Amino acid sequence: MSDSFPTNSVGLVTPQVHHFDDPLTLRSGKVLPAYDLVVETYGTLNSARTNAILICHALSGDHHSAGFHSPDDKKPGWWDACIGPGKAIDTTLFFVVNLNNLGGCAGSTGPASINPETEKFYGPDFPVVTVRDWVNSQARLMDRLEIPKWAAVVGGSLGGMQVLRWAISYPERLDHAICIAAAPKLSAQNIAFNEVARRSITSDSNFHAGRYLELGTYPKQGLMLARMIGHITYLSDSAMRAKFSKAVSDYKRDSSENSGRDLSTGKLSFGFDVDFQVESYLHYQGERFSKNFDANTYLLMTKALDYFDPSVDFEGDLAKAFENSPCKFFLMSFSTDWRFPPERSRELVTDLLKAGREVSYLEIEADQGHDAFLIAIPRYVDALSTYLTRVHKELEVNAT
Amino acid sequence: MRPDLEIIQQWIEPGSKVLDLGCGDGSLLHYLRTSKNVHGIGLEIDPENIQRCIGNGINVIEQNMDRGLSNFQSNSFNTVLLTQTLQALSKPDVLIDEMLRIGEKGIITFPNFGNWKSRLYLSSKGRMPVSKFMPHAWYNTPNIHFCTVKDFDALCREKNIKVLTRTVVDLEHQGSWYMKAWPNLLGEIAIYHITKETAE
């Protein structure tokens, strides 16, 4: 069966569920008495247990970052561009650990799980979890897998924030912190977009104060809108222009330069339905997402983003937060990312330098906006690959 | 290693912190780390050089010096290096101030435009010197702020910068007694070890 998969794919993968009985006290003060984490691992843990890499997922990601769940899967995991045999995160060198974070909707305990106390869906009763809580739960998973120290913790966007939190909360338990397209905290504009997304969901008449699953429904329109607005912020103006500039427009028939105004049906409708390709694309994206994602999880993930600010424990000085983090830092940003633009990564670099940390930073020219971190952009992937090859060499040197 | 780097590495204390502005492929920082246990960070803008730095395990930050160095704390490094880049900066004087704000000491190397070959070229041909050493035409050269040893000495005096050591070498980076005697005429590359003048 796996013959049909590309040779640089991890191939067919099977998630595993780990149950945890130790109550987890959350940042909010609430306690999660027990929970499941769904996990996928690729590659082999070496005998010294030193070659493990943790992948932290972003808002809509999960534990399935590479490979296929079935031979019929049309698409591989969300970061298959970078994870696999011979890829940047090389599964022939590293043992790659992925999990769906708490509050997620891909198998770990979250709002769409059954609350054992009530035997109903958690829904809105699932506590708000934060990046810190996720990292604490990831550390428990690490203990479960008997991994003393990560060779690297890697993540983009919200995943990059988990990487930073690892360096602060468990500084002795990782060698390298690889933080891609992230930010030290959200800006007002970032929070504003998240709030519009949340409002779209909560104002859907099918939301039912978050108890929609009990009623056998879900806020499809709200979730669609949330995803549509999110999707716009993940792409750049130039990426959208390029994506929807394939056909000539009605008014410029001799040119393919139409600013991304490809028409959906070839002519204007003079109505209020879809006219342009970008509109139908967003509808499609929203539609697809709403079928696969839980609305309460979306609310929760955006809150985790909004609340992220590790400097709060250090009088607002993020440099102080990193003072006791001996790990090495590698940061990358993308030129057209306007969700977490390069200056946000530069802020992080400044604080890391102030803290006296070892840091490397790359600014990748890329048209794809925030989504660039998911795409195999040559310079980006080469840098990640070269960096991790060096991480692996260090393991070998330390072993001798 | 490039011979000017061979000379300046002798001025760097073992175990010290070094910031290399325009670090190239990181070979100097790599050498300093392996031979002197130096903690180094390099600044670079060329993607291929940056990639080599990463491969060499050198901390490298993609940053254009012309946009300033305000992200570096004052007195956070022992030595700040600027090799063969001074003449390509938009505000070299400001950058020198920044080097000595960030580091206790600075090391600067630059091509000496006062060298007799440049003088001869300009006086005999009446045109901007072009050579194997300075291969660009005036309109496309990255080197927009050439200076001579005398010019640099004057800038150091104006800025109250103390010159700890000044060496000039030729393109083979050989020094000699006659270069020491007539540095501005015979030296092709100037190498300065500088620090802030302290009020004594």
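**Arg379 and the architecture of chain A**

Arg379(A) is partly exposed, as 16 other C-beta atoms lie within 10 Å. The cut-off for a buried residue is 20 or more, so Arg379(A), with 16, falls short of it. The model is a predicted one. Arg379(A) belongs to helix H10 (residues 378–399) of chain A. Its contacts, leaving aside residues up to four places away in sequence, are Ile364(A) and Pro47(B). One partner is thus in chain A and the other in chain B. Glu365(A) is 14 residues from Arg379(A) in sequence, and the two C-alpha atoms are 8.5 Å apart.

The contact with Pro47(B) leads to the interface between the chains. Here, 17 residues of chain A are in contact with 13 residues of chain B. On the chain A side, helix H9 (342–354), strand S14 (359–364) and H10 each give two or more residues. H10(A) provides the largest share, six residues. By residue class, this side of chain A divides into seven nonpolar, three polar and seven charged residues.

Chain A as a whole contains 10 helices and 14 strands. Its C-alpha atoms fill a box of roughly 70 × 55 × 55 Å along the principal axes. The radius of gyration is 21 Å, in agreement with the value near 21 Å for a compact globule of 400 residues. Buried residues account for 49% of the 400 residues. Among contacts between residues at least 6 apart in sequence, 68% link residues at least 24 apart.

The domain assignment divides chain A into domain 1 (2–185 + 310–399) and domain 2 (187–307). Their centres, taken over C-alpha atoms, are separated by 26 Å. The contact between them takes 26 residues from domain 1 and 23 residues from domain 2. The domain 1 side of this contact comprises 12 nonpolar, 10 polar and four charged residues.

The largest nonpolar core has 153 residues. Ile53(A), Ala152(A), Val153(A), Val163(A) and Ala177(A) have the most contacts inside it. Both domains of chain A give residues to this core, so it lies between them. Ala152(A) touches Ile53(A), Leu174(A), Asp175(A), His176(A), Ile178(A), Leu388(A) and Val391(A), residues up to four places away in sequence not being counted. A second core is separate and has five residues, among them Tyr234(A), Ala239(A), Met240(A) and Phe244(A).

Val163(A), one of the residues with the most contacts in the largest core, is also one of the buried residues of helix H2(A). This helix (residues 158–169) has 12 residues. From first C-alpha to last it reaches 16 Å, close to the 16 Å expected at 1.5 Å a residue. Of its 12 residues, 11 are buried, so H2(A) is largely enclosed by the rest of the structure. The buried set includes Leu158(A), Met161(A), Leu164(A), Trp166(A) and Ile168(A). Gln162(A) and Arg165(A) are also in it, as are Gly159(A), Gly160(A) and Ala167(A). These buried residues pack against both strands and helices of chain A. The strands are S5 (52–56), S11 (152–156) and S12 (176–180). The helices are H1 (131–144), H7 (295–307) and H8 (318–321).

The loop between H1 and S11 of chain A holds Lys149(A). Lys149(A) is partly exposed, with 14 other C-beta atoms within 10 Å. Leu174(A) is 25 residues away from Lys149(A) in sequence, yet the C-alpha atoms are 5.3 Å apart. Lys149(A) touches Arg173(A), Leu174(A) and Asp175(A), not counting residues up to four places away in sequence. Leu174(A) and Asp175(A) also appear among the contacts of Ala152(A).

Most residues other than glycine have a negative phi. Ala181(A) has a positive value, near 50°. Ala181(A) is placed in the loop between S12 and helix H3 (188–202) of chain A. It counts as buried because it has 31 C-beta neighbours inside 10 Å. Phi of Ala209(A) is also positive, near 55°. Ala209(A) sits in the loop between H3 and helix H4 (220–234) of chain A. Ala209(A) is exposed, with 8 other C-beta atoms within 10 Å.

Technical notes:
Residues are numbered from 1 along each chain as its sequence is written. Chains are lettered from A and ligands numbered from 1 in the order in which they are written. This is a predicted model: local features need pLDDT of at least 70, side-chain atom pairs count only at pLDDT 80 or more; totals for chains, interfaces and linings use all residues. Helices (H or I, at least four residues) and strands (E, at least two) are DSSP runs, numbered from the N terminus. The expected span of a helix is 1.5 Å times one less than its number of residues. Two residues are in contact if their C-beta atoms, placed from the backbone, lie within 7 Å. Ala, Val, Leu, Ile, Met, Phe, Trp, Tyr, Cys and Pro count as nonpolar, Asp, Glu, Lys and Arg as charged, and the others, Gly among them, as polar. A nonpolar core is a set of buried Ala, Val, Leu, Ile, Met, Phe, Trp, Tyr and Cys residues joined through C-beta atoms within 7 Å. Domain bounds come from an automatic or database domain assignment. The radius of gyration is taken over C-alpha atoms; the globule rule is 2.2 Å times the number of residues to the power 0.38.
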